[in-house]
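Colleague: I've got a chain on my screen and would like to talk it through with someone who knows how to read it. Can you take my questions one at a time?

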Amino acid sequence: MAAPELHVSQWFNTDRDITLASLRGKVVVVEAFQMLCPGCVSQGLPLAQKVHQSFPREVVAVLGLHTVFEHHAAMTPVSLKAFLHEYRITFPVGVDTPGVGPLPKTMEAFQMRGTPSMLIFDKSGALRAHHFGAVPELLLGAEIATLLCEDADPAPGAAMEIG
């Protein structure tokens, strides 16, 4: 079953809006981060950038999701644009839409516990892994490779759950 869509108010590093549905047929890696999160800056974003540089874009899509749930005044889109430039983040990054409560909409929809968080979707758009905190590179590579080897629409019950 396909996961809910991302709720994005603005995109960077792309000239079009991106949806999970538009990426069907690819493995999708979403790195949810805040620019003032030390673990995001030292681990999550560099790992997402490595995935973006290592896998062909025809088969693996990497997206960033700036999901602000604290220090709102400091983490504006203007600040994010400068941050992405300074840290040389080249993959598309969306700004999570503010929610009614303290959590942004996508963060709430996927029940993220904080940042960094990584969501991995298979080729059919189903959420297959949800990581909170640092993700070992070997584990991530194995998860992506496993999903790349699967058919886009596996038979019912045939999909292997990972993560």
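**Talking through the fold**

Colleague: Let's start with the overview. How many helices and strands are there in the chain, and in what order do the elements run?

Modeller: Keep in mind that this is a predicted model. The chain has 4 helices and 6 strands. Reading from the N terminus, the order is β-β-α-β-α-β-α-β-β-α.

Colleague: What share of the contacts in the chain joins residues at least 24 apart?

Modeller: Start with the burial: of the 163 residues, 45% are buried. For the contacts, take those between residues at least 6 apart in sequence; the share of these that joins residues at least 24 apart is 71%.

Colleague: Now the inside. Which element gives the largest share of the largest nonpolar core?

Modeller: That core has 29 residues, and F33, L80, L84 and L140 touch the most other members. Elements giving two or more residues to this core are β2, α1, β3, α2, β4, β5 and α4. The largest share is 5 residues, and the element they come from is α1.

Colleague: Which residues does L140 touch, leaving out those up to four places away in sequence?

Modeller: L140 is one of the buried residues of α4, and it is among the residues that touch the most other members of the largest core. Leaving out those sequence neighbours, its partners are L47, V51, M118, I120 and V135.

Colleague: Staying with α4, why are its buried residues on the same side?

Modeller: The buried ones are L140, E143, I144 and L147. They sit on the same side of α4 because they cover an arc of only 95° around the axis. On the other side, L138 and C149 are exposed. So the reason for the one-sided burial is that arc of only 95°.

Colleague: What do the buried residues of α4 pack against?

Modeller: The helix itself covers residues 137-149 and reaches 18 Å from its first C-alpha to its last, close to the 18 Å expected. Its buried residues pack against one helix and several strands, namely α1 together with β2, β3, β5 and β6.

Colleague: E143 caught my eye. Which side chain does E143 join in a polar contact of 2.8 Å?

Modeller: E143 is buried in α4. The partner residue is found in strand β6, and at 12% relative accessibility it counts as buried too, since the cut-off is under 20%. The side chain joined to E143 at 2.8 Å is that of H131.

Colleague: Which exposed residues does α2 carry on the face turned away from its buried side?

Modeller: First the buried residues, which are L80, F83 and L84. They fall within an arc of 95° seen down the axis, so they line one face of the helix. What covers them includes β1, β2, α1, β3 and β4. The face turned away carries V78, K81, H85 and E86.

Colleague: Last one, about the loop between β1 and β2. Is S22 buried, exposed or partly exposed?

Modeller: S22 is found in that loop, and a polar atom of its side chain lies 2.7 Å from the backbone oxygen of T19. Its C-alpha is also 9.5 Å from that of G125, 103 residues apart along the chain. The relative accessible area is 43%, between the 20% and 50% cut-offs, so S22 is partly exposed.

Note on methods: Residues are numbered from 1 along each chain as its sequence is written. This is a predicted model: local features need pLDDT of at least 70, side-chain atom pairs count only at pLDDT 80 or more; totals for chains, interfaces and linings use all residues. Side-chain values use heavy atoms; hydrogens and water are left out. The expected span of a helix is 1.5 Å times one less than its number of residues. Buried means under 20% relative accessible area, exposed over 50%, partly exposed in between (1.4 Å probe, protein chains only). The arc is that of the directions from the helix axis to the C-beta atoms. Contact means heavy atoms within 4.5 Å. A nonpolar core is a set of buried Ala, Val, Leu, Ile, Met, Phe, Trp, Tyr and Cys residues joined through side-chain atoms within 4.5 Å. A polar contact is a pair of N or O atoms within 3.5 Å; within protein, one must be able to donate a hydrogen and the other to accept it, and residues adjacent in sequence count only if both atoms are side-chain atoms.
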